Amino acid sequence: MSLASPSFDTLQRRHRDRPLSTGKRVTLQERDWLWLQKIHQHGPLASSELHAFSRHLCTSPKRARDRLTDLFNEERTPHGGAYLMRPQQQFARLDARYHELVHDLAPAGEHALREAGLWHDTAGGASGPWKHRRLVAAITAAIEQETIRRGDLGFIPQHAILDRAQTTLRHLVPFGNPVTGKTETRDLIPDALFGLEYHTQDGLRFRFFVVEADRGTEPARASSFNRKSHQRTFLQYIQYVGRGLYKPHLNLTSGLLVLHVTTRAVTFDGMLRLMDSIAPRGCNYQLFRLMPEEGVPALDGGEGSGWAQAPWLRNAAQRHFDIFMP
């Protein structure tokens, strides 16, 4: 193959942003199945995150990256194509080669999960722009990996909760318009849902969580409640959680907390001030965290180590809460 070939770069390496099969036959192994399920459960995941889930099966990060390369490039599979794709949005920067790769399911990967009975229509994976989906996946994956690291916690994925309740994430929630005093009703659709199972000396305890992630694109307030804003979201959760509307919706008896995450410090500070103005006496079930984009692998190359371990803020007075403590 010549140096001018579009299939290779000038160093004779396959391009990272488009697959090139060598004709190698690939059959899914235990680690591969785990990766497909975790991407299906959380959304697009970086190589290091996938390796973290499978470290008990293979400790070598390099071997994991080599296998992910095969799953992206090789199309000779029992399911008619490569199992993974690399979303193109991650390559839209000049220094993309120096950033960790993020993988998503290719059609053959979805086909494999469906054929094996491992597909769930209610699984996680937020909608919307790719960077938003990537942020939500990084949040929930980091929390699940922390439960694995600790060993005394269990992670309950979104599909297990929704399938048990025979429902979807979408729920109509009425709330009071602070300007007109009238009741408004809008859809509430969290970015993600999961639960934690706490193994205590007194037995199992449970707590459930919804995630609301913002990359600084949502306004604090909007001229109309038809547009999502932090104000509308806070008001809806005061009804949905504070009034217990989630219990019949999700068929839960345990508590539910709301995890608000933003990547911008100015937005984070504004969210805390806004919540204090809406609920001056406190709203203990709405928690806040700043997750700068340098902590999200492949959004700008960070490894994000330790992010999940830090406590969450309950309000601007810096009251903390550890979601991993029962």
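Which residues in α2 meet which residues in α5? Let's start there and then take a short tour of this predicted model.

1. **Where α2 meets α5.** From α2, the residues taking part are Glu49, Ala52 and Phe53. Their partners in α5 are Arg134, Ala138, Ala141, Glu144, Gln145 and Ile148. Sorted by class, this contact has 5 nonpolar, 1 polar and 3 charged residues.

2. **How these two helices lie.** Helix α2 covers residues 47-54, and helix α5 covers residues 130-150. Their axes are 11 Å apart and make an angle of about 25 degrees. Angles under 35 degrees count as roughly parallel, so α2 is roughly parallel to α5. If you turn the model to look at the pair, note that their crossing is left-handed.

3. **The other partner, α1.** Helix α2 also packs with helix α1, which spans residues 30-42. Here the axes come within 10 Å and cross at roughly 120 degrees. That angle makes α1 and α2 oblique to each other. The crossing of α1 with α2 is right-handed.

4. **The residues between α1 and α2.** On the α1 side you will find Arg31, Leu34, Trp35, Lys38, Ile39 and His42. On the α2 side they meet Leu50, His51, Phe53 and Ser54. By class, the contact of α1 with α2 has 5 nonpolar, 3 polar and 2 charged residues. Try finding Phe53 in your viewer: this α2 residue is in the contact with α1, and Phe53 is also in the contact with α5.

5. **An enclosed helix.** How many of the 11 residues of helix α7 are buried? The count is 9, so helix α7 (residues 230-240) is largely enclosed by the rest of the structure. The buried residues are His230, Gln231, Arg232, Thr233, Phe234, Leu235, Gln236, Tyr237 and Tyr240. To be called buried, a residue needs a relative accessible area under 20%.

6. **Cysteines and disulfides.** Cysteine 58 has a relative accessible area of 11%, so it is buried. Cysteine 283 is buried too, with a value of 7%. As for disulfides, the model has 0.

7. **Glutamine 166 and its phi angle.** Most residues other than glycine have a negative phi. Against that background, look at glutamine 166, where phi is positive, near 55 degrees. Glutamine 166 sits in the loop between α6 (158-165) and β5 (171-176). Is glutamine 166 buried or exposed? With a relative accessible area of 74%, glutamine 166 is exposed.

8. **Asparagine 251, another positive phi.** Asparagine 251 likewise has a positive phi, near 55 degrees. Its place is the loop between α8 (246-250) and β9 (256-262). Asparagine 251 has 41% relative accessibility, so it counts as partly exposed.

9. **Who surrounds asparagine 251?** Leaving aside residues up to four places away in sequence, asparagine 251 touches Arg164, Ala165 and Tyr246. It is also worth picking out isoleucine 161, which is 90 residues away from asparagine 251 along the chain. The C-alpha atoms of asparagine 251 and isoleucine 161 are separated by 8.4 Å.

Conventions
Residues are numbered from 1 along each chain as its sequence is written. This is a predicted model: local features need pLDDT of at least 70, side-chain atom pairs count only at pLDDT 80 or more; totals for chains, interfaces and linings use all residues. Side-chain values use heavy atoms; hydrogens and water are left out. A disulfide is a pair of cysteine sulfur atoms within 2.5 Å. Buried means under 20% relative accessible area, exposed over 50%, partly exposed in between (1.4 Å probe, protein chains only). Helices (H or I, at least four residues) and strands (E, at least two) are DSSP runs, numbered from the N terminus. Axes are lines fitted to C-alpha atoms, for helices over the stretch in contact, and angles run from 0 to 180 degrees between N-to-C directions. Angles under 35 degrees count as roughly parallel, over 145 as roughly antiparallel, 65 to 115 as roughly perpendicular and the rest as oblique. A crossing is left-handed if the near helix is turned anticlockwise from the far one by less than a right angle, and right-handed if clockwise. Contact means heavy atoms within 4.5 Å. Ala, Val, Leu, Ile, Met, Phe, Trp, Tyr, Cys and Pro count as nonpolar, Asp, Glu, Lys and Arg as charged, and the others, Gly among them, as polar.
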